[in-house]
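Visitor: Could you walk me through this model and tell me what lies behind each label?
Guide: Gladly; here it is.

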Amino acid sequence: MRISIDRYVLETLMPDLVGRDRRPVAFALYLYLWTRTAGGGAKSVRVSHQAVADELGVSKSAVQAAVKHLVRR
């Protein structure tokens with residue numbers, strides 16, 4: 001499987017979320033959701049915080065905080 005990622009994501013969003021905001025989990029969550037929606041051709045995805053946490057290898061609370069951060073952004 002091959003996935004194309006827009007330059008904006010790598011050149012602007014990644015440095016902003018990981019560097020300035022110090023929220024690498026938010027960036028990982030963004031990519032996770034992107035691969036399951038726009039990158040995967042779906043309009044939406046229904047997945048639990050715990051399922052995302054298990055797949056990303058982080059805590060459920062880290063995923064919840066990342067969701068809140070991305071919604072604010």
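**Helices, a pocket and a loop residue**

Guide: α2 and α4 are roughly perpendicular to each other. This is a predicted model, in which local features need pLDDT of at least 70 and side-chain atom pairs count only at pLDDT 80 or more, while totals for chains, interfaces and linings use all residues. Residues are numbered from 1 along each chain as its sequence is written, and side-chain values use heavy atoms, with hydrogens and water left out.

Visitor: Why are α2 and α4 called roughly perpendicular?
Guide: Their packing angle is about 80°, with the axes 8 Å apart. Angles of 65 to 115 degrees count as roughly perpendicular (under 35 is roughly parallel, over 145 roughly antiparallel, and the rest oblique), so the label for α2 and α4 follows. The axes are lines fitted to C-alpha atoms, for helices over the stretch in contact, and angles run from 0 to 180 degrees between N-to-C directions.

Visitor: Which residues make the contact of α2 with α4?
Guide: Val25, Ala26, Leu29 and Tyr30 come from α2, and Ala62, Val63, Ala66, Val67, His69 and Leu70 from α4. Contact means heavy atoms within 4.5 Å.

Visitor: How do these residues divide by class?
Guide: There are 9 nonpolar, 1 polar and no charged. Ala, Val, Leu, Ile, Met, Phe, Trp, Tyr, Cys and Pro count as nonpolar, Asp, Glu, Lys and Arg as charged, and the others, Gly among them, as polar.

Visitor: What makes α3 and α4 roughly perpendicular?
Guide: Helix α3 (residues 49–56) and helix α4 (residues 60–72) pack at about 105°, with axes 8 Å apart, and α3 and α4 therefore earn the label too. On the α3 side the contact uses His49, Gln50, Val52 and Ala53, and on the α4 side Lys60, Val63, Gln64 and Val67. That contact has 4 nonpolar, 3 polar and 1 charged residues.

Visitor: How do you know that α2 and α3 are roughly perpendicular?
Guide: The axes of α2 and α3 cross at roughly 105° and come within 11 Å, and α2 and α3 are therefore given that label. Ala28, Leu29, Tyr32 and Arg36 of α2 meet Val52, Glu55 and Leu56 of α3. The classes here are 5 nonpolar, no polar and 2 charged.

Visitor: How many helices and strands are there in the protein?
Guide: The protein has 4 helices and 0 strands, where helices (H or I, at least four residues) and strands (E, at least two) are DSSP runs numbered from the N terminus.

Visitor: Why does valine 45 count as partly exposed?
Guide: Its relative accessibility is 32%. Buried means under 20% relative accessible area, exposed over 50%, and partly exposed in between (1.4 Å probe, protein chains only), so valine 45 is partly exposed. Valine 45 sits in the loop between α2 (24–36) and α3. Leaving out residues up to four places away in sequence, valine 45 touches Leu33, Arg36 and Thr37.

Visitor: What share of the protein is buried?
Guide: Buried residues make up 22% of the 73 residues.

Visitor: Which residues lie nearest the centre of the largest pocket?
Guide: Leu29, Tyr30, Leu33, Val67 and Leu70 do, out of 16 lining residues. α1 (7–20), α2, α3 and α4 each give two or more residues to that lining. By class, the lining has 13 nonpolar, 2 polar and 1 charged. A pocket is an open set of points on a 1 Å grid over the protein atoms alone, where a 1.4 Å probe fits, with protein on both sides within 12 Å along at least five of seven lines; lining residues have an atom within 4 Å of a point.
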